[in-house]
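Hi,

Here is the structure I said I would pass on. Have a look at it first, and then read my notes below.

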Amino acid sequence: MTSTVPIIAPSILAADFARLGDEVRAVDQAGCDWIHLDVMDGHFVPNITFGPAVVSALRPLTDKVLDAHLMIAPCDPYLEAFAKAGADIITVHAEAGPHLHRSLMAIKALGKRAGVSLNPATPAAIVAEVLDLLDLVLVMTVNPGFGGQSFIESQLEKIAQIKQMIGVRPITLQVDGGITPETAPRVVQAGANALVAGSSIFNAGSADSPEGYRAAITALRAAAQA
Ligand code: DX5
Ligand code: ZN
């Protein structure tokens, strides 16, 4: 929680799935910091995306941090597969099961950075009980499941509460959903230091014209620091 330049993590949920490898290379070359991977199971969230095999296929294409956001329940049976696939950060949802502490312990035991994500209706307080295990907290600023939704204003207060709970600990405070050059400065002001963005990056270009991606990433970073 010391960096003033926020981490920008494009979410490939908004990429062209027929050209996923080219899309990852394009945002990498366009200067992103991490690659955000939205894993959905059609059970915890009402949409289905991809699993460890796709993460494994993307791993050799980039040296950037692979940031796996698991919107799956249960998550525990799949943690090892995502670790072996090459995810660097594995984030699970607090609402995905009764044993958040156990899931985070399992991620740490696999040698990965551990994150917890909170749905919009989940209170900040849950984070306090697992702070010692966390490398990242992800505040959802939309209901998970789909890209292109509107930012939920009420989450700004939650971001600020969690920022206070984190204090000086080296825990990344990430936000995901509806992040644009308009909302980015507000979440950063509240305390976020890592921004996930799907539509606002991938709608700005294509794998063939990554200069659009570069402009979108630069605009987000600039807006966040303004
Ligand atoms: C939503 C995903 C997000 C999504 C964000 O469930 O977790 O990562 O891709 O998309 P935008 O940036 O379009 O709101
Ligand atoms: Zn996500």
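Before the notes, one cut-off: a residue counts as buried when its relative accessible area is under 20%, as exposed when that area is over 50%, and as partly exposed in between. Asp-135 has 18% relative accessibility, so Asp-135 counts as buried. Please keep in mind that this is a predicted model.

Let me stay with Asp-135, which forms a salt bridge with Lys-108 through their side chains, at 2.6 Å from N to O. Asp-135 sits in the loop between strand E5 (113–118) and strand E6 (136–140), while Lys-108 belongs to helix H4 (residues 100–109), so this pair ties together parts that are 27 residues apart in sequence. Unlike the buried Asp-135, Lys-108 is partly exposed, because its relative accessibility is 36%.

That is one bridge, but how many salt bridges turn up in a search of the whole structure? The search finds nine. Two others I looked at:

- Arg-59 and Asp-88 meet through their side chains at 2.8 Å, N to O. This pair also links distant parts of the chain, 29 residues apart: Arg-59 is in the loop between helix H2 (52–58) and strand E3 (65–71), and Asp-88 is in the loop between helix H3 (79–85) and strand E4 (89–93). Asp-88 has a relative accessible area of 24%, so Asp-88 is partly exposed.
- Arg-25 and Asp-22 form a salt bridge at 3.3 Å, N to O. Both residues lie in helix H1 (residues 20–29), three residues apart, which is about one turn of the helix. Arg-25 is partly exposed at 36% relative accessibility, and Asp-22 is partly exposed too, with 33%.

The Arg-25 and Asp-22 pair is part of a network of salt bridges that links Arg-19, Asp-22, Arg-25 and Asp-208.

Now to the metal. Which residues are the protein donors of the zinc ion (ligand 2)? They are His-36 through NE2, Asp-38 through OD, His-69 through ND1 and Asp-176 through OD, and they lie 2.0 to 2.3 Å from the zinc ion. Along the sequence, the spacing of these donor residues reads H-x1-D-x30-H-x106-D. Within this set, His-36 in strand E2 (residues 34–40) and Asp-176 in strand E7 (residues 172–176) link distant parts of the chain, 140 residues apart. Both His-36 and Asp-176 are buried. The zinc site has six donor atoms, with angles of 69 to 169° among them, and is octahedral.

Two of the zinc donors, Asp-38 and Asp-176, come up again around ligand 1. There are 20 residues around ligand 1, and the nearest are Asp-38, Gly-145, Asp-176, Gly-198 and Ser-199. Oxygen atoms of ligand 1 have these polar partners:

- a side-chain atom of Ser-199, at 2.3 Å
- a side-chain atom of Ser-11, at 2.8 Å
- a backbone atom of Gly-178, at 2.8 Å

On its own, ligand 1 has 380 Å² of accessible area, and the protein covers 99% of that.

Asp-38 also leads to Thr-49, in the loop between E2 and H2. A polar side-chain atom of Thr-49 lies 2.7 Å from the backbone oxygen of Asp-38, and one lies 2.9 Å from the backbone nitrogen of Met-40. Is Thr-49 buried or exposed? Thr-49 counts as buried, because its relative accessibility is 19%.

Best wishes

Conventions. Residues numbered from 1 in each chain as written. Chains lettered and ligands numbered in written order. Predicted model: local features only at pLDDT ≥ 70, side-chain atom pairs only at ≥ 80, totals over all residues. Heavy atoms only, no water. Donors = N, O, S within 2.8 Å, 3.2 Å for Na, K, Ca; no water. Tetrahedral: all angles 85-135°; square planar, octahedral: opposite > 155°, others 65-115°. Helix = DSSP H or I, 4+ residues; strand = E, 2+ residues; numbered from the N terminus. Buried < 20%, exposed > 50% of the residue type's maximum accessible area, 1.4 Å probe, protein only. Salt bridge = Lys/Arg side-chain N within 4 Å of Asp/Glu carboxyl O. Near = heavy atom within 4 Å. Polar contact = N/O pair within 3.5 Å; in protein donor to acceptor, adjacent residues only side chain to side chain. Areas by Shrake-Rupley, 256 points an atom, 1.4 Å probe, with all protein chains shown as cover.
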